[in-house]
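Hi,

Here is the structure I promised to hand over. Please have a look at it first, and then read on for what turned up when I went through it.

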Amino acid sequence: TRSLTITSVDQSMFEKAQGEKVTLPCTFELSDEDKGPLDIEWVLIPADNQKNEQIIIMYSVDRVYDQYYADMTGRMQFTNLDPRSGDGSLDILNLKAADTGTYQCRVKKAPGVQSKKIQLTVLVKPARTKCSIEGSQEIGKDVTLKCVSQEGSPLLSYDWRRVSGTQNLPATSMLNKNTGELLLKNASREYSGTYNCVASNRVGTDECSVELNVTPPVNTAGIITGAIIGTLLGLTVLGSIIFCFCKKHREKKYEKEVHHDIREDVPPPKSRSSTARSYIGSNRSSLGSMSPSNMEGYTKTPYSQVPSEDFERAPAQNPAFAPSKVAAPNLSRMGAVPVMIPAQSKDGSIV
């Protein structure tokens, strides 16, 4: 007895890259004995046997139902718009890594029932690959070039090549294709140049490059000495700034203290003319009661030597010269009556 048969049995495993499209085949043939309604189901079989199968799309009674699996809504469809023609294949668009799994196509038309499983693996291409250098880039040192892809499905493979100079890797180099590390032992100047790394898997490649510059060893003693000298110079400049600041602060403080020490109740100094008036007035009052016996000291002091305000020292007189008569000052200008001042002659008598 002839019954329903699935004819697409050639390929049962697919590998695709993320973002691509895949068509899972499911063609079939009906027999004359299959009289019931045609039903086509696609289900996702989970890797965990404890979980139930998940229907993702179904064709039943001339109608398509594709709202069962939210993760694929809008990204899946039957390849043929009329599955009754014998083609129940499924298209999945814009593949994601989460779409990896086992899919099963079931075709029912009573009394015939047939199914087929297909394994789908969605691989992620290598992406955001970064190259770096680890270790001192000095002559005689070991240097490691590293290459890592931030994205990409395993198994990733890494390969290094030199793109400058001889374009051949140094003889002392050691490459680990699984980790992407390239070890350059006992580096020399000839190792300098541009190196390129290519990360790859079954669905794509990505690459990056790095510049290696091998230089002579650094003079650490000179660097330390320079750092010490620079530190001392910096401390000296800082000390000078602090000293100048403190000095200026002390000067301002001193000026402020002197300003506050000026007494406001001290009268201003007298002028020279007022000093002369007081001096002459005191002499006049003294002469009125002066006897001839005590006038000797006054006659020796000329009126021209009136003490000044700042008590200037009188110029030295010539001892050989003794004036016999001193003219009285013009007291009328001072508002006083002129008074004749006796003077002493050479023989000691009063004139």
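**The turn after strand E6**

Val61 sits in the loop that links E6 to strand E7 (63–65). Although Val61 is not a glycine, its phi is positive, at about 50°. Its neighbour in that loop between E6 and E7 is Asp62, another non-glycine residue with a positive phi, here about 60°. Are these residues buried or exposed? Val61 counts as exposed because its relative accessibility is 61%. Asp62 is exposed too, with a relative accessible area of 52%. Please keep in mind that this is a predicted model, so you may want to look at both phi values yourself.

**The wider picture**

The protein has three helices and 18 strands. Of its 351 residues, 29% count as buried. The exposed area comes to about 23300 Å², and carbon and sulfur atoms supply 54% of that. If you take the contacts between residues at least 6 apart in sequence, 57% of them join residues at least 24 apart.

**An aromatic pair**

How many aromatic pairs are there? The count comes to one. The partners are Tyr59 and Phe78, arranged edge-to-face, with 6.5 Å from centre to centre and 85° between the planes. Tyr59 belongs to strand E6 (residues 54–60) and Phe78 to strand E8 (residues 76–78), so the pair ties together parts that are 19 residues apart in sequence. Both Tyr59 and Phe78 are buried.

**Asp34 and what surrounds it**

Asp34 is in the loop between strand E4 (28–29) and strand E5 (38–45). Why does Asp34 count as buried? Its relative accessibility is 5%, and buried means under 20%. A polar atom of the Asp34 side chain lies 3.2 Å from the backbone nitrogen of Leu4. Leaving aside residues up to four places away in sequence, Asp34 touches Ser3, Leu4, Lys109, Ala110, Pro111 and Gly112.

Two of the residues on that list, Ala110 and Pro111, are worth a look for another reason: the peptide bond from Ala110 to Pro111 is cis, with omega near 5°. Pro111 is placed in the loop between strand E10 (101–109) and strand E11 (112–123).

**Another cis peptide bond**

The peptide bond from Pro154 to Leu155 is also cis, and its omega is near 5°. Here the proline comes before the bond, with Leu155 after it. Leu155 is located in the loop between strand E13 (143–151) and strand E14 (157–162).

**A nonpolar patch on the surface**

Which residues make the nonpolar surface patch? They are Ile224, Ile228, Leu232, Leu235, Leu238 and Ile242, and the patch covers about 580 Å². One of them, Leu235, is in helix H1 (residues 220–261). Leu235 is exposed, as its relative accessible area is 52%, and the cut-off for exposed is over 50%.

**Where to start**

If you have time for one stop, you could begin at Asp34, with its side chain 3.2 Å from the backbone nitrogen of Leu4, and then step across to the cis bond from Ala110 to Pro111. After that, the patch that includes Leu235 would be a good second stop.

Best wishes

How values were computed
Residues are numbered from 1 along each chain as its sequence is written. This is a predicted model: local features need pLDDT of at least 70, side-chain atom pairs count only at pLDDT 80 or more; totals for chains, interfaces and linings use all residues. Side-chain values use heavy atoms; hydrogens and water are left out. Patches are made of residues with over 30% relative accessible area and no salt bridge: like charges are joined within 9 Å, nonpolar side chains (Val, Leu, Ile, Met, Phe, Trp, Tyr) within 5 Å. Accessible areas come from the Shrake-Rupley method with a 1.4 Å probe; for residues, only the protein chains shown count as cover. A salt bridge is a side-chain nitrogen of Lys or Arg within 4 Å of a carboxyl oxygen of Asp or Glu. Helices (H or I, at least four residues) and strands (E, at least two) are DSSP runs, numbered from the N terminus. Buried means under 20% relative accessible area, exposed over 50%, partly exposed in between (1.4 Å probe, protein chains only). Contact means heavy atoms within 4.5 Å. A polar contact is a pair of N or O atoms within 3.5 Å; within protein, one must be able to donate a hydrogen and the other to accept it, and residues adjacent in sequence count only if both atoms are side-chain atoms. Rings of Phe, Tyr and Trp (its six-membered ring) pair if their centres lie within 6.5 Å; planes under 30 degrees apart count as stacked, over 60 as edge-to-face and the rest as tilted.
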